[in-house]
Amino acid sequence: MTALSISEPGRDCPLCPRLHDFIAEWRQREPSWFNAPVPTFLPPDGDDAVRLLIVGLAPGLRGANRTGRPFTGDYAGDLLYSTLISHGFARGEFKARPDDGLELVGTAITNAVRCVPPENKPVGAEIATCRTFLVPTIARFPNLRAVLALGSIAHQSTVRALGGRVAAYPFKHGGQLPAGGITLFSSYHCSRYNTNTGVLTEAMFVSVFREIAAFLRK
Ligand code: SF4
């Protein structure tokens, strides 16, 4: 079995019955949507080029679950992709469509939970089960140096995927910790809720990417 086949679930992954049923319902309601586990977004240069992996929470119903590309189709992608482009982690123009031609540079983007959860809230068992795919996703990139977790759930699942104890690696916006042979950066999630409420400002988000860029230049 190749790394690709174990790091990416099949379209009908049955491991989380609640999420499987939720997707089945949306396949009926919106048959033209993607409605499946959303695959990791990779750069065109392949796995060897990846030095930064970004881990989000889960696909948004009308975002990645509709379009099939992480952070594409709803608000969260606007801030993420504009920041990636301005720091050299992506090139092209983000138009919130998977065919917009945007390319990642040395970066891959995945989610801690690959299937859309009702109300954006996966339960603990689903987060733990989908780590089946997060662990090999982290392992597939031989030159990976940094992981950026967006939000506390992605942070905690990534800590566990790296073999760490959550209590020893508390979530903190702007945090930077060595873990499992890489450096784990953390940020509040770039959701509309967090930016509208001021939990995360654009300046706070940009500063995390500035630190990652400086770290990768070392
Ligand atoms: S969330 Fe992950 S483990 Fe659960 S059904 Fe979807 S792909 Fe499978």
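Student: How much of the chain over residues 43-209 is helix and how much is strand?

Tutor: In this predicted model, residues 43-209 are 32% helix and 17% strand, and the C-alpha atoms at the two ends are 18 Å apart. According to the unreviewed UniProt entry, that stretch carries the annotation "domain: Uracil-DNA glycosylase-like".

Student: Why are strands E6 and E7 said to pair?

Tutor: Pairing requires at least two bridges between two strands. Strand E6 (residues 176-179) and strand E7 (residues 182-187) are joined by four bridges in the antiparallel sense, so they count as paired. Ala-179 stands opposite Ile-182 of E7, and with two residues between the strands E6 and E7 form a hairpin, in whose turn Gly-180 has a positive phi of about 55°.

Student: What makes the shell around the ligand 10 nonpolar residues, one polar and one charged?

Tutor: The residues around the ligand include Pro-9, Cys-13, Leu-15, Val-113 and Phe-133, and since Cys and Pro count as nonpolar along with Leu, Val and Phe, these five belong to that class. Arg-114 and Thr-129 are also among the residues around the ligand; Arg counts as charged, whereas Thr falls among the polar residues. Helix H5 (residues 124-139) gives the most to this shell, with three residues, and the ligand sits in the largest cavity.

Student: Which residues lie closest to the centre of the largest pocket?

Tutor: The largest pocket holds about 660 Å³ of space, and of its 30 lining residues Leu-57, Ala-58, Asn-120, His-189 and Ser-191 are the closest to its centre. By class, the lining divides into 15 nonpolar, 10 polar and five charged residues.

Terms used. Residues are numbered from 1 along each chain as its sequence is written. This is a predicted model: local features need pLDDT of at least 70, side-chain atom pairs count only at pLDDT 80 or more; totals for chains, interfaces and linings use all residues. Side-chain values use heavy atoms; hydrogens and water are left out. UniProt positions are given in the numbering used here, feature names are shortened, and annotations may be inferred rather than shown by experiment. On a 1 Å grid over the protein atoms alone, a cavity is a set of points where a 1.4 Å probe fits but cannot get out, and a pocket is an open set with protein on both sides within 12 Å along at least five of seven lines; lining residues have an atom within 4 Å of a point. Grid points are joined across faces, edges and corners, and a volume is the space filled by probe spheres set on the points. A residue is near a molecule or strand if one of its heavy atoms lies within 4 Å of it. A molecule sits in a cavity or pocket if more than half of its atoms lie within 2 Å of its grid points.
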